[in-house]
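Hi there,

Here is the structure I promised to pass on. Have a look at it first, and my notes follow just below.

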Amino acid sequence: MTNTCTKVFLRRRPYVGGKVSLYLDYYPAIRNPHTNKMTRRETLGIVIYAEPANEMQRRFNQEMEEKAEAIRCIRYQSLINEQFGFLDKAKLKMDFLAYFEKKAKSKYDKWMCVYLHFKKFCGGSCTFGDVTASLCEDFREYLLYAHNLRHPDKKIPLSNNSAAGYWSTFRCLLKMAYKEKYITENVNDFLEGIKWQEAKKEYLTLDEMKILDAAECEVPVLKRASMFGLFTGLRLSDLLQLRWENIERSPDGGYCIRLCTEKTDTEATLPVSDEALKYCGERGEGLIFKGFRRSMAQQPFKKWIKAAGIEKKLSFHCLRHSFATILISLGIDVYVVSKMLTHRSVRTTQIYADVVSEKKREASNAITLK
């Protein structure tokens, strides 16, 4: 079988003000590692004079054309290396830690936590060439004995499930780096996971939901976002970025939420009740819960729960657990609940059905003459 070698040409196209723009033309087209789409053009951001009027402009054109040609040569060399399986030494020397940080900033909070742990683990320096199965296994071992970075003075160990979640996120990053051809080997094939431990899921009952709604909250936008989360099951990350354009009229005359969930990158259309929409306030533009911050889901949220007289140890994510558990307790099919939660598998949702079954058993034993 013969390989079709991609060629790289330096092209020109007209630009405003009597100038021309230089760009690279790939043939056949290549896949952009950032968008995962096929493309033939790469804009270089280099603009030169179409008809230089003096020696200064001619010299400028020559220097810019030499820079553009140098970029073309680098691109062509990288393509040749990848196409024929050679080791691209330029990529191996690139900063893996900088790549990790960029990905973490585009994701949610947990990614940044994993990045900070890895930065500490590798001493603030790591190239793509350093990313081997051995290094990754050492990081796995580090996570099992690491302390929570949010409380460095208290030296609180990471829970097993936190370590498992962080390790899963790191392996997701390795998958991205391999897919984008920054590393030449799928390191994940040589790595073992960290087993999750079954943890008790706290949640609010329907009666407690009513109590919470009646309780005063020092941060009004926190209360509105939380109650809307209870009615919809949306994650904190999705509530923070929910915009008015995500709320649309549905064909049945009601309203629905249309969004791409941040955690699973899943397109979802979720019906929403009129009662839930009341917590959004008057329709406007931009973010629905303006002023709502991630930090509010910590101490301000816990303070509100305590003020409501609810003794359970609840995190903001427990609102999502509550949504699922209440629906199942009311007889809603677990498959429907799974779709409302945008779970990829109904097996994930089955956990909540098991919780409800346990409560039914408790209820059946509540009445006794002994």
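Strands β4 and β5 make a hairpin, with five residues between them. In the turn of this predicted model, Gly 253 has a positive phi of about 95 degrees. The two strands, β4 at residues 247-249 and β5 at residues 255-260, run antiparallel and are paired over three bridges. If you want a spot to zoom in on, try Ile 247, which stands opposite Ile 257 of β5.

β5 also has a partner in β6 (residues 267-272): this pairing is antiparallel too, over six bridges. Here Leu 259 has Ala 268 in β6 as its bridge partner.

Ile 257 is worth a second look. Apart from neighbours within four places in sequence, Ile 257 is in contact with Phe 228, Thr 232, Leu 234, Leu 242, Asn 246, Ile 247, Ala 268, Thr 269, Leu 270 and Val 272. That leads on to the nonpolar cores.

As a reminder, nonpolar side chains tend to be buried together in soluble globular proteins. The largest nonpolar core in this model has 42 residues. Ile 257 is among the residues with the most contacts inside this core, together with Leu 212, Phe 228, Leu 242, Phe 289, Phe 292 and Phe 316. Several elements give two or more residues to the core, including strands β5 and β6 and helices α7 (206-214), α8 (220-232) and α12 (318-329). Which element gives the most to this core? That is α8, with six residues. There is also a second, separate core of 36 residues, and Val 114, Phe 128, Trp 167 and Ile 194 are included in it.

Now for the charged side chains. Side chains of opposite charge can pair when their charged atoms come close. The count for this model comes to 13 salt bridges, and some of them lie in helix α1 (residues 55-83), as with Arg 58 and Glu 55.

Glu 55 makes a good starting point. Its side chain meets that of Arg 58 in a salt bridge, at 3.5 Å from N to O. Why are these two about one helical turn apart? Because Arg 58 and Glu 55 are three residues apart in helix α1. Glu 55 also forms a salt bridge with Arg 59, where the closest N and O atoms are 4.0 Å apart. Arg 59 and Glu 55 are four residues apart in α1, again about one turn of the helix. Glu 55 is partly exposed at 46% relative accessibility. Arg 58 is partly exposed as well, with a relative accessible area of 40%, and so is Arg 59, at 41%.

Further along α1, Arg 72 and Glu 69 meet in a salt bridge of 3.0 Å, N to O. They are three residues apart in the helix, so about one helical turn separates them. Is Arg 72 buried or exposed? Arg 72 has a relative accessible area of 18%, so it counts as buried, the cut-off being under 20%. Glu 69 is partly exposed, with a relative accessible area of 32%.

Outside that helix, Arg 11, Asp 25 and Arg 40 are linked in a network of salt bridges.

Happy browsing, and all the best!

How values were computed: Residues are numbered from 1 along each chain as its sequence is written. This is a predicted model: local features need pLDDT of at least 70, side-chain atom pairs count only at pLDDT 80 or more; totals for chains, interfaces and linings use all residues. Side-chain values use heavy atoms; hydrogens and water are left out. Two strands pair if DSSP finds at least two bridges between them. A nonpolar core is a set of buried Ala, Val, Leu, Ile, Met, Phe, Trp, Tyr and Cys residues joined through side-chain atoms within 4.5 Å. Buried means under 20% relative accessible area, exposed over 50%, partly exposed in between (1.4 Å probe, protein chains only). Contact means heavy atoms within 4.5 Å.
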